[in-house]
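Subject: Structure handover

Hello,

Here is the structure I promised you. Please open it beside this email, and then read my notes below.

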Amino acid sequence: MAPKQLPTVLLAVCSTLLGLAAPLLAGDPDMLQDFCVADYKSLDGPLRLNGYPCKRPESTTANDFFSDVLSVPGNTGGNPSGSVVTAATVDKVPGLNTMGVSMSRIDYAPWGANPPHTHPGASELLLVLEGSLDVGFITTTGKFVGRTVCKGEMFVFPRGLVHFQRNNNGSPAAAISAFNSQLPGTQKWAEALYTALPPVPADVLARALDVNDCMVEPCVI
């Protein structure tokens with residue numbers, strides 16, 4: 001190989017390696033041991049990690065890997081949207097730390113909805129347990145992808161895209177969601193815009209929604 005060609009070849013190899021590494025940087029870190037049960041107490045000290053530090057293996061128990069949180073239906077009565085999400089993430093199940101998975105249960109009142117939201121950290125696989133749901137997501141090009149999903153059927157929401165579910169009948173419904181992250185995160189679209197502190201400027205919201213400023217914030221007459 002000619003000496004002048006060497007820098008070009010090295011650049012191509014480095015570019016390829018970086019391309020292969022990029023998908024790995026987008027998800028939860030891989031495990032370097034059998035398990036890493038979350039040590040919640042460590043957060044009281046100066047140590048901070050992308051996740052939680054590990055408890056010593058000899059101090060772990062079966063209960064670190066167990067939870068019955070999804071066995072109890074959520075109470076939809078006090079929720080204006082008519083849905084309740086019960087999460088089983090690393091915050092509640094310490095054994096999920098570094099595992100790259102978590103689950104949630106969603107209970108829906110008759111005609112209730114899980115309003116538009118995103119999960120910045122994970123894709124979602126939704127399985128309907130009871131009833132039927134109208135579901136959908138919106139692509140970055142503005143295309144709406146949606147359909148009805150019935151009991152025993154599933155639907156996938158790609159990572160980071162705005163999506164929703166709605167109970168389409170007068171009976172309660174329920175679903176289980178699985179995520180490829182120990183802590184997928186949830187950002188509700190309406191709450192993010194209207195309950196932020198300090199608040200988002202009214203004129204910004206008005207321009208974003210293409211409405212009058214007075215429809216976002218009462219005007220002084």
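Which strand gives the most to the lining of the second largest pocket? Keep that in mind while I set the scene. A caution comes before anything else: this is a predicted model.

The overall layout

The protein has 4 helices and 10 strands. Follow the chain from the N terminus. The order of elements is α-β-β-β-β-β-β-β-β-β-β-α-α-α.

Now the contacts. Take those with a separation of 6 or more: 66% of them join residues 24 or more positions apart.

Next, burial and surface. The protein holds 221 residues, and 31% of them are buried. About 14000 Å² is exposed. Carbon and sulfur atoms supply 63% of that area.

The second largest pocket

This pocket contains about 220 Å³ of space. It is lined by 18 residues. Closest to its centre are Val85, Ser104, His119, Phe179 and Thr186. Find these five in the viewer to locate the pocket.

Back to my question. The answer is strand 2, with 4 residues in the lining of the second largest pocket. Strand 2 covers residues 102-108. Strand 1 (83-88), strand 3 (113-118) and strand 9 (173-179) each supply at least two lining residues as well.

What kinds of residue line the second largest pocket? The lining divides into 9 polar, 7 nonpolar and 2 charged residues.

Best wishes

How values were computed: Residues are numbered from 1 along each chain as its sequence is written. This is a predicted model: local features need pLDDT of at least 70, side-chain atom pairs count only at pLDDT 80 or more; totals for chains, interfaces and linings use all residues. Side-chain values use heavy atoms; hydrogens and water are left out. On a 1 Å grid over the protein atoms alone, a cavity is a set of points where a 1.4 Å probe fits but cannot get out, and a pocket is an open set with protein on both sides within 12 Å along at least five of seven lines; lining residues have an atom within 4 Å of a point. Grid points are joined across faces, edges and corners, and a volume is the space filled by probe spheres set on the points. Ala, Val, Leu, Ile, Met, Phe, Trp, Tyr, Cys and Pro count as nonpolar, Asp, Glu, Lys and Arg as charged, and the others, Gly among them, as polar. Buried means under 20% relative accessible area, exposed over 50%, partly exposed in between (1.4 Å probe, protein chains only). Contact means heavy atoms within 4.5 Å. Accessible areas come from the Shrake-Rupley method with a 1.4 Å probe; for residues, only the protein chains shown count as cover.
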